[in-house]
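Grab your viewer and work through a few exercises on this model. Each one gives a task, then a solution in steps.

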Amino acid sequence: MHHWRRDLVELAALFTAVAVADVVANLVGHGPDGPGLLAVSAAALIATAGFHVWWSRRHGHAPPTGDTDARPPSPEGQAGPSELPGGVAEESTLWRMRTTVKDAPGSLAALCTALAEHSVDILSLQTHPLGDDTVDEFLLRAPGALAAADITRAVARAGGSGTWIERADAHDLVDAPTRVLGLATRTALDAAELPLALRQLLGRCTIRSLPATTPGGGRGPQAVPVEGVLEDTVMRLRAPEGGVITVERPYLPFTPTEFARARALVELDARLGPRVPRGHDVLTLPEGNAITVRRADTGDLAAAKAMHERCSARTLGMRYHGPVGDADRYLNHLLSPRFGRTLAVQTPSGRIVGLGHLLWDGDETEVALLVEDQWQRRGIGGELLGRLVAMAVEAGCESVYAVTQSSNTGMVAAMRGLGLPLDYQIEEGTLVITARLDAAARSGAEPSFEGSGVRIVRD
């Protein structure tokens, strides 16, 4: 609304200036008082320019970093009604905002005053010193009718620059030390939690774990020093196995404080070493056979390779989309908790007959299944997939995708069995199925196993 009104005023001023210039040119060319008219025109031009400068400062453009829509509006993002003067209730909205100010007395007070003038309540504040400047990070509760652009304009007039804002939710109400301790606890219990903990610590970002050597035996990424590397919007940290963890966030530079927190989480993970929770479920198949579903890691490498040897070339080709002789090369990466979570299906004799992988792929999440030939079409794939999706929901993932072949009817049926909205993309025989984890998937329901009894056994 403000933008089109300002543009209309400036356009009208432009046409007026052209009309006045035409009149003046006619008078100067045909009248005896040409020099005087020129002087009057110059004075009018100076006055017009001064008015335009005043108007631009009074109604200037909002900072380019408005609401990023990183978190879509949701019931959790609404802070509930707030009481206004006169007893009138108005819905309020939670916002996370970050802005840079000069490290000088009174700069923070000016920001707080500007926010208070718009009835914005400051729920929490963190400061990140940067030499001559300070990055202030706020959790705000604002009137529901107040747009992000209005907040950023008020902050800009109060001296804030590089302002970034996005919707928050109730989870952000936890103070920073408590949140960091909670993330450290999750990381300590499960090595697969590290990428998720970093993402929750740093906000919307892309995290990639690159091994020291590629699955084919090639050279991995360039090593980084023990203390890591911080380069504006990218940080690189040394992974415990010698690889590299790269964290990238567009447009919003990392602060030294954020870098130190991320490095502390990675160091904790490295000191504790590979680890996965040891609980497992015993399931009874429809025909009466009992199987165990549990978390797997690199300690299961030999058993997983033995399962590969029992699988047909067609089954391996459906899973790995390449030469079946290269299948074993990927197992060490797939079983590592650094790159995701793996579920194994095991018989009473200890033989692994199925594997399900949930892989962190940058800011996306992939699911993949492999079931030994003679154990297929018994519901094992659907059970694994349901559990992997439940893990993805718990981890806060917005969607999961599976890469398969259009002829793989078993995988297609398993994805359809999730009961979630699906998107399909087919290119040269390769089928990518994406399941969107909407509100129905986030209801907290446990995955079911049709026709079976389930007994949970905890270590």
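Among contacts in the chain (heavy atoms within 4.5 Å) between residues at least 6 apart in sequence, 64% join residues at least 24 apart. Before you start: this is a predicted model, where local features need pLDDT of at least 70 and side-chain atom pairs count only at pLDDT 80 or more, while totals for chains, interfaces and linings use all residues. Residues are numbered from 1 along each chain as its sequence is written, and side-chain values use heavy atoms, with hydrogens and water left out.

**Exercise 1. Take stock of the chain: how many helices and strands are there, and what share of the residues is buried?**

Step 1. Run DSSP and count helices (H or I runs of at least four residues) and strands (E runs of at least two), numbered from the N terminus. You get twelve helices and 18 strands.

Step 2. Now classify by relative accessible area: buried is under 20%, exposed is over 50%, and partly exposed is in between (1.4 Å probe, protein chains only). Of the 459 residues in the chain, 40% come out as buried.

**Exercise 2. Describe the surroundings of strand β12 (residues 340–346).**

Step 1. Check the cover. Seven of the seven residues of β12 are buried. On one side these are G340, T342, A344 and Q346, and on the other R341, L343 and V345, so both faces are covered.

Step 2. Find the partners, calling two strands paired if DSSP finds at least two bridges between them. Strand β11 (residues 290–296) pairs with β12 in the antiparallel sense over five bridges, with T292 opposite Q346 of β12. Strand β13 (residues 352–361) is also antiparallel to β12, over seven bridges, and there G356 is the bridge partner of L343.

Step 3. Look at the turn. β12 and β13 make a hairpin with five residues between them, and G350 in that turn has a positive phi of about 95 degrees.

**Exercise 3. Which residues of helix α6 are buried, and what does the loop ahead of α6 hold?**

Step 1. Helix α6 spans residues 194–202, and seven of its nine residues are buried. They are L194, P195, L196, A197, L198, L201 and L202.

Step 2. Step past the end of α6 and you hit G203, with a positive phi near 85 degrees.

Step 3. Go back to the loop between α5 (176–189) and α6, where D190 lies. D190 has 5% relative accessibility, so it counts as buried. Its side chain reaches the backbone nitrogen of A192 at 3.0 Å. Leaving out residues up to four places away in sequence, D190 touches R275, V276, P277, R295 and R341.

**Exercise 4. Sort out the salt bridges: which residues pair, and are they buried or partly exposed?**

Step 1. Set the criterion: a side-chain nitrogen of Lys or Arg within 4 Å of a carboxyl oxygen of Asp or Glu. The structure holds 18 such salt bridges.

Step 2. Start with R98 and E258, whose side chains meet at 2.7 Å, N to O. This pair links distant parts of the chain, 160 residues apart: R98 is in strand β2 (residues 88–102) and E258 in helix α7 (residues 256–272). R98 is buried at 4% relative accessible area, and E258 is buried at 5%.

Step 3. Widen the view. R96, R98, E137, E166, R249 and E258 are linked in a network of salt bridges.

Step 4. Next comes D121 with R141, where the closest N and O atoms are 3.0 Å apart. D121 lies in strand β3 (residues 121–130) and R141 in strand β4 (residues 133–143), so the pair ties together parts 20 residues apart in sequence. Both are partly exposed: D121 at 33% and R141 at 32%.

Step 5. Finish with R275 and D269, at 2.9 Å between the closest N and O atoms. R275 is buried at 12%, and D269 is buried at 0%.

**Exercise 5. Which ring does the charged end of R378 sit over?**

Step 1. Apply the test: NZ of Lys or CZ of Arg within 6 Å of the ring centre and within 35 degrees of the ring normal.

Step 2. The charged end of R378 sits over the ring of W375, 4.6 Å from its centre.

How values were computed. A polar contact is a pair of N or O atoms within 3.5 Å; within protein, one must be able to donate a hydrogen and the other to accept it, and residues adjacent in sequence count only if both atoms are side-chain atoms.
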